[in-house]
Amino acid sequence: MPPVDLSFLVHPTSGIPIYRQLLDQIRSQILGGRRGEGEYLPSVRSVADSLQINPMTVSKAYSLLEREGLVELVKGQGMRVAAMRSSSRAKSDALLPLLEQVAATARHLSLSPEQVIKQLKPLLEDHTDD
């Protein structure tokens, strides 16, 4: 098996559960093409050790990814990225919960749609993370 990438970041004080942070990051990596079909995810233990979190937290994220059909369990080898279904639909489905969170936060802050779009547009155009 090739070396695994442990490039996950978690922020325990963000208010977003750690399993959810992992889930969102891995989902984005898969749907964005940074993790290809057949590529193995790092083991639960290696992620938990690297991030100093409970292995059950990692396991929960992996289980939810499996339920979504993004990864599959290969007995004795671990979790690997599954064959992709309709990519554009999956990407839209992955983005929707984040957009709902942005919209709810904007409403709580009494920001107009125009103000939110004005702040979001430069972030969408910034490709330094690619």
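In the predicted model, the buried residues of helix α3 are Val58, Ala61, Tyr62 and Leu65. Viewed down the helix axis, these residues occupy an arc of 95°, so they line one face of α3. Their packing partners are the helices α1 (18-31) and α2 (44-51) together with the strands β1 (71-74) and β2 (78-81). On the other side of α3, Met56 and Arg67 are exposed. The helix itself comprises 13 residues, 55-67, and its first and last C-alpha atoms lie 18 Å apart, close to the 18 Å expected at 1.5 Å a residue. At the start of α3, a side-chain oxygen of Asn54 comes within 2.8 Å of the backbone nitrogen of Met56. Just after the helix, Gly69 adopts a positive phi of about 85°.

The chain that contains this helix has five helices and two strands, arranged along the sequence in the pattern α-α-α-β-β-α-α. It consists of 130 residues, of which 25% count as buried. Among contacts with a sequence separation of 6 or more, 54% involve residues 24 or more positions apart. The exposed surface of the chain amounts to about 9,000 Å², and carbon and sulfur atoms supply 56% of this area.

Six salt bridges were counted. One of them links Asp24 to Arg20, with the closest N and O atoms 3.4 Å apart. Both residues belong to helix α1, where a spacing of four residues places them about one turn of the helix apart. Asp24 has a relative accessibility of 17% and therefore counts as buried, the limit being 20%. Arg20, with a relative accessible area of 25%, is partly exposed. The side chain of Asp24 also makes a polar contact of 3.1 Å with that of Arg27.

Arg27 takes part in a further salt bridge, in which its side chain meets that of Glu68 at an N to O distance of 2.6 Å. Because Arg27 lies in helix α1 and Glu68 in the loop between α3 and β1, the pair ties together parts of the chain that are 41 residues apart in sequence. The accessibilities of the two partners were also computed: Arg27 is buried at 7% relative accessibility, whereas Glu68 is partly exposed at 28%.

A salt bridge is likewise found in helix α5 (residues 113-125), where the side chains of Lys121 and Glu125 meet at 3.9 Å, N to O. These two residues are four positions apart, and their separation thus corresponds to about one helical turn. Lys121 counts as partly exposed, with a relative accessibility of 49%. Salt bridges that share partners join Arg20, Asp24, Arg27 and Glu68 into one network.

The surroundings of Asp24 were examined further with respect to helix α4 (residues 87-108), in which Pro97 is found. Pro97 and Asp24 are 73 residues apart along the chain, and their C-alpha atoms are separated by 9.7 Å. Pro97 is partly exposed, at 30% relative accessibility, while Asp24 is buried.

Backbone conformation was considered last. Most residues other than glycine have a negative phi. Gln52, which is not a glycine, nevertheless has a positive phi of about 55°. This residue is located in the loop between α2 and α3 and is exposed, with a relative accessibility of 75%. Ser110 also has a positive phi, near 55°, and is a residue other than glycine. Ser110 is placed in the loop between α4 and α5, and its relative accessible area of 64% classes it as exposed.

Note on methods: Residues are numbered from 1 along each chain as its sequence is written. This is a predicted model: local features need pLDDT of at least 70, side-chain atom pairs count only at pLDDT 80 or more; totals for chains, interfaces and linings use all residues. Side-chain values use heavy atoms; hydrogens and water are left out. The expected span of a helix is 1.5 Å times one less than its number of residues. Buried means under 20% relative accessible area, exposed over 50%, partly exposed in between (1.4 Å probe, protein chains only). The arc is that of the directions from the helix axis to the C-beta atoms. Contact means heavy atoms within 4.5 Å. A polar contact is a pair of N or O atoms within 3.5 Å; within protein, one must be able to donate a hydrogen and the other to accept it, and residues adjacent in sequence count only if both atoms are side-chain atoms. Accessible areas come from the Shrake-Rupley method with a 1.4 Å probe; for residues, only the protein chains shown count as cover. A salt bridge is a side-chain nitrogen of Lys or Arg within 4 Å of a carboxyl oxygen of Asp or Glu.
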